[in-house]
Amino acid sequence: MDSWKDNEEIKLFQEYLRIPSVHPNVDYEPCIKFLIKQAESLQLPYKIHHVGGNLKTPLFIASWIGANPELPTILVNSHMDVVPVFVDKWTHSPFGADIDVEGRIFARGSQDCKCIGMQYFAAIRSLKKSNIQIKRTLHVMFVPDEEIGGEYGMQTFSKTKDFRDLNVGFALDEGSATDDEKFVAHYAERSIWQINFIFNGSAGHGSLFLKNTAGEKLVHFLNKVATFRSAEVKRMEADPTLKMGDVTSINLTIIKGGVQSNVVPSQLEACFDMRIAVDEDLKKFEKLLQKWCCEAGGDIEWEWIFRCDTAPPTKVDQTNPYWCGMQKVFNKMNLVLEAHVFTGGTDSQFLRDIGIPSLGFSPMNNTPTLMHDHDEYLKADVYLHGIEIYKEILKELLNM
């Protein structure tokens, strides 16, 4: 299929992808200028917020005002920032937005998640051309720092009066790709615990059998982690109905310490990324970590790098009219939509935490998951089909 050739929506997507809003030290000004241009072309009023007074991290909101603005509004969210790249690992320029003969658009952010931001605008453009009338107001939000926790984005903004004034009744945010025909909506996220453990112990000459060393404690703790991790892997393998979001993952991400090759160090550090299943008792899980520390020999300090406990899941049954509306659209389009727990973390967590039903959804089926990976790409035909899906979703939700 070459339906993407000379397509104006593809060209706009490429233009957005070519803005290198990459960590660290992101310059958001080019993104904001681009988004203002898009909002003005659609005759959408917009506002720019600087959460916490930080002028370097603008938050952009364009609004399509409905005929009944007093009704709870619909929010569609995406983030402008993207994670770093290792240029030598890419076969295309990570900010070139090149399209190959298969229609694959290569760029950092093509899946995570500049695609949905532009698809929102494209869907609005198509609906406006059809002169559709909408009842509810739609807010299109672009946040600055989702990839590093959202301190100047959704995490903080969702607690402000400016956000409450938006009167949000339901939200859509980013989701993930699927490698088959089906699409996935994420109704919950696992708790995210990132902890740096500091192992203290005896120090001395590297030729001695010292007792209670930091290394011994670290090895004991690592063995506990490995055993737990292996059990969760086996649980998934034994039950094909379980997805990655249904189990608890633990991974060692940073390890550091030592002063010299012949000196037993008095301290070693190891950081772990833990994504804890929605049905896990967090108090019991914390006690399990404490038990591992005691069994390793004690004198182990904790440094919380990040903690986000799971928010109440969004209902995906007949009690949720927004979910029913989504299902109606997919049935009408003869598409399959499944509800899963998301494997990572998104801004949806902050919305669910304040009682706003939220689904993570990115219309990327028949697509390998390449978020944060080298050679991230999205096929042009998948992108254009996603616009049609959003068009039908917005038509349904805005007139409920």
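The protein chain contains 10 helices and 17 strands, where helices (H or I, at least four residues) and strands (E, at least two) are DSSP runs numbered from the N terminus. This is a predicted model, in which local features need pLDDT of at least 70 and side-chain atom pairs count only at pLDDT 80 or more, while totals for chains, interfaces and linings use all residues. Residues are numbered from 1 along each chain as its sequence is written, and side-chain values use heavy atoms, with hydrogens and water left out.

**Exercise 1. Overall form**

Compare the radius of gyration of the protein chain with the value for a compact globule of 400 residues.

Solution. The radius of gyration is taken over C-alpha atoms, and the globule rule is 2.2 Å times the number of residues to the power 0.38. For 400 residues this rule gives a value near 21 Å, and the protein chain has 23 Å, which agrees. Next, consider the principal axes, along which the C-alpha trace spans about 80 × 45 × 45 Å. Finally, turn to contacts, meaning heavy atoms within 4.5 Å: among those between residues at least 6 apart in sequence, 78% join residues at least 24 apart.

**Exercise 2. Cores and a helix**

Find which residues have the most contacts inside the largest nonpolar core, and which helix gives this core its largest share.

Solution. A nonpolar core is a set of buried Ala, Val, Leu, Ile, Met, Phe, Trp, Tyr and Cys residues joined through side-chain atoms within 4.5 Å. Buried means under 20% relative accessible area, exposed over 50%, and partly exposed in between (1.4 Å probe, protein chains only); by this rule, 52% of the 400 residues count as buried. The largest core has 66 residues, and Phe121 and Phe361 have the most contacts inside it. Its largest share, 10 residues, comes from helix H10 (residues 380–397). A second, separate core has 22 residues, including Trp193 and Leu268. In soluble globular proteins, nonpolar side chains tend to be buried together. As for H10 itself, 13 of its 18 residues are buried. The expected span of a helix is 1.5 Å times one less than its number of residues, so H10 should span 26 Å, and its end C-alpha atoms are indeed 26 Å apart.

**Exercise 3. Cysteines without a bond**

Explain why Cys115 and Cys294 form no disulfide.

Solution. A disulfide is a pair of cysteine sulfur atoms within 2.5 Å, and the structure holds zero of them. The closest cysteine sulfur to that of Cys115 belongs to Cys113 and is 6.3 Å away, which is too far for a bond. For Cys294, the closest is in Cys293, at 7.0 Å, again too far. Cys115 is buried, with a relative accessible area of 0%, whereas Cys294 counts as exposed at 60%.

**Exercise 4. Two loop residues**

Describe the surroundings of Arg108 and of Ala203.

Solution. Begin with Arg108, which is found in the loop between strand S5 (104–106) and helix H3 (114–129) and is buried, with a relative accessible area of 2%. A polar atom of its side chain lies 3.2 Å from the backbone oxygen of Val83, and the side chain also reaches the backbone oxygen of Pro84 at 3.2 Å. Leaving aside neighbours within four places in sequence, Arg108 is in contact with several residues, among them Trp90, His372, Asp373 and Glu376.

Ala203 lies in the loop between strand S9 (191–200) and strand S10 (204–205), and counts as partly exposed at 48% relative accessibility. Beyond its neighbours within four places in sequence, Ala203 is in contact with Leu210, Val264, Pro265 and Ser266. The C-alpha atoms of Ala203 and Val264 are separated by 5.1 Å, although these residues are 61 residues apart along the chain.

Notes. Polar contact = N/O pair within 3.5 Å; in protein donor to acceptor, adjacent residues only side chain to side chain.
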